[in-house]
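Take a look at the structure below. This short report walks through a sheet, a pair of helices and two pockets.

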Amino acid sequence: MGPLFTWGQLVDGYFMFPKLEGEISNRMSFRGKERLVWSLNNYLGLANHPEVRKADADAAAKYGMAYPMGARMMSGQTNYHEQFEREVAEFEHKEAAYLLNFGYQGMVSIIDALTDRNDVIIYDAESHACIMDGLRLSLAKRIKYPHNNMEKLDACLKTATRIVEKTGGGILVITEGVFGMSGSLGDLKGVADLKKKYNFRFMIDDAHGFGAMGANGRGTSEHFDVMDEVDIYFATFAKSMAGVGGFFAATKKVVNFLRFSLRSQIYAKSLPMSMTIGALKRLELIRTQPELRQKLWTVVNALQSGLKELGLDIGITKSPVTPVVLNGSEKAAINLAHDIRENFNIFCSVVIYPVIPRGMIILRLIPTAVHTLDDVKYTIDAFREIKKKLDAGVYDAQDFADLSEV
């Protein structure tokens with residue numbers, strides 16, 4: 001294992017389970033010092049938007065955090081849950097939608113409920129953990145294709161078609177709209193085009209795309225103009241919606257089937273009213289305030305352009321997710337990250353082996369609508385100095401940073 005495990009006593013509370021305190025914003029407190037924060041998926045700045053805070057607070061004051069009690073099928077259904085489903089289905093140009101109490105478990109249950117031992121699931125190799133856990137639970141045969149490789153996907157579909165011709169099952173193709181580590185976009189157009197050749201259902205996890213991507217914030221399927229070809233659209237509230245929960249949208253037939261089949265919803269408590277009413281307000285702002293998305297992309301473009309001008313590698317991102325890919329040892333990564341946080345007062349996520357290959361370091365930055373162009377300039381200037389130190393081997397030459405004393 002990497003040093004984040006080997007030296008766990010040094011990094012616990014610093015890289016693992018760090019405590020960011022204060023109002024959710026571009027600047028928060030970490031270990032008693034203000035930091036410029038680039039690690040929160042608060043894309044549109046809705047976490048502390050005054051209208052959102054008021055909607056959340058008013059709903060909590062009126063209903064408390066318990067109502068509705070019970071699972072939706074038994075006693076947890078409300079008019080507000082149904083209202084959100086109608087509104088988000090219309091927004092996503094689908095016949096129906098279903099509100100989920102939590103996104104991760106929702107995806108796991110959808111995969112489990114939709115498939116059985118006669119079916120085949122084909123999935124992108126870089127799929128999120130919630131998809132992978134759903135695959136582990138499903139009895140369907142699983143086939144993996146290399147990230148965004150449509151030639152390999154074509155071959156997988158050919159194999160899957162032969163299998164289901166014998167079993168009588170169906171084929172489900174799963175990918176993501178935005179891949180959260182690299183920022184790359186799923187080749188939704190490529191997958192959609194293959195529907196002309198093969199018979200399959202197409203599902204996307206658009207957790208990072210909903211609200212941030214597309215001309216109207218409808219997500220990556222809107223960005224690629226394939227909304228009609230995506231059979232099951234899934235998104236969580238943990239990103240642009242800055243909340244807890246999620247939803248999926250599809251045909252009435254599929255939604256109605258899943259309403260009675262999702263174990264994570266049938267056997268778990270309904271989404272509380274404060275978050276349900278809050279989700280309605282968040283959806284309203286996504287629909288009616290495009291300036292939030294425009295501000296996000298102004299910051300994204302400035303940050304990514306500035307990093308590239310420094311000669312830094314930000315991979316193939318086409319989304320707000322901004323990975324800065326560096327070469328260096330695990331020791332250098334620890335010292336570099338310590339320098340960024342303690343001397344430059346910038347807080348961003350640090351990714352090293354075993355998540356990525358040895359010798360690589362990724363600093364993952366998430367621009368939001370609450371960041372400013374001054375934030376961008378400061379960060380670019382800081383990364384210029386950090387790059388000089390890394391290239392000169394400064395971080396490898398230093399003793400290992402003792403984070404226990406920070």
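Two strands count as paired if DSSP finds at least two bridges between them. Keep that rule in mind for the sheet. Keep in mind, too, that this is a predicted model.

**The sheet**

Four strands form an open sheet. Their order is S1-S2-S3-S12, and the pairing is mixed. Which strands lie at the edges? They are strand S1 (20–21) and strand S12 (346–347). Each edge strand pairs on one side only. Strand S3 covers residues 33–37 and runs parallel to S12. Two bridges join S3 to S12. Here, Val37 stands opposite Phe347 in S12.

**Two helices**

Now turn to helix H5 (103–114) and helix H6 (residues 129–137). At what angle do H5 and H6 pack? The angle is about 35°, and the axes are 8 Å apart. The crossing of H5 and H6 is right-handed.

Both helices bring several residues to the contact. H5 supplies Tyr104, Met107, Val108, Ile111 and Asp112. They meet Ala129, Cys130, Ile131, Asp133, Gly134, Leu135 and Leu137 in H6. By type, the contact of H5 with H6 has nine nonpolar residues, one polar and two charged.

**Two pockets**

How can empty space be found in a protein? Rolling a probe the size of a water molecule over the atoms shows where empty space is left. The table sets out two pockets.

| Pocket | Space | Nonpolar lining residues | Polar lining residues | Charged lining residues |
|---|---|---|---|---|
| Largest pocket | About 900 Å³ | 21 residues | 15 residues | five residues |
| Second largest pocket | About 270 Å³ | five residues | four residues | four residues |

Start with the largest pocket, which holds about 900 Å³ of space. It is lined by 41 residues. Which of these residues are closest to its centre? They are His128, Gly180, Met181, His208 and Arg364.

Several elements give two or more residues to this lining: helix H5, strand S9 (232–236), strand S11 (322–327), strand S13 (349–351) and strand S14 (360–365). Which element gives the most? It is S13, with three residues. H5 thus appears twice in this report: H5 packs with H6, and H5 also helps to line the largest pocket.

The second largest pocket holds about 270 Å³ of space. It is lined by 13 residues. Closest to the centre of the second largest pocket are Ile24, Asn42, Ala47, Ala242 and Gly243.

Key. Residues are numbered from 1 along each chain as its sequence is written. This is a predicted model: local features need pLDDT of at least 70, side-chain atom pairs count only at pLDDT 80 or more; totals for chains, interfaces and linings use all residues. Side-chain values use heavy atoms; hydrogens and water are left out. On a 1 Å grid over the protein atoms alone, a cavity is a set of points where a 1.4 Å probe fits but cannot get out, and a pocket is an open set with protein on both sides within 12 Å along at least five of seven lines; lining residues have an atom within 4 Å of a point. Grid points are joined across faces, edges and corners, and a volume is the space filled by probe spheres set on the points. Ala, Val, Leu, Ile, Met, Phe, Trp, Tyr, Cys and Pro count as nonpolar, Asp, Glu, Lys and Arg as charged, and the others, Gly among them, as polar. Axes are lines fitted to C-alpha atoms, for helices over the stretch in contact, and angles run from 0 to 180 degrees between N-to-C directions. A crossing is left-handed if the near helix is turned anticlockwise from the far one by less than a right angle, and right-handed if clockwise. Contact means heavy atoms within 4.5 Å.
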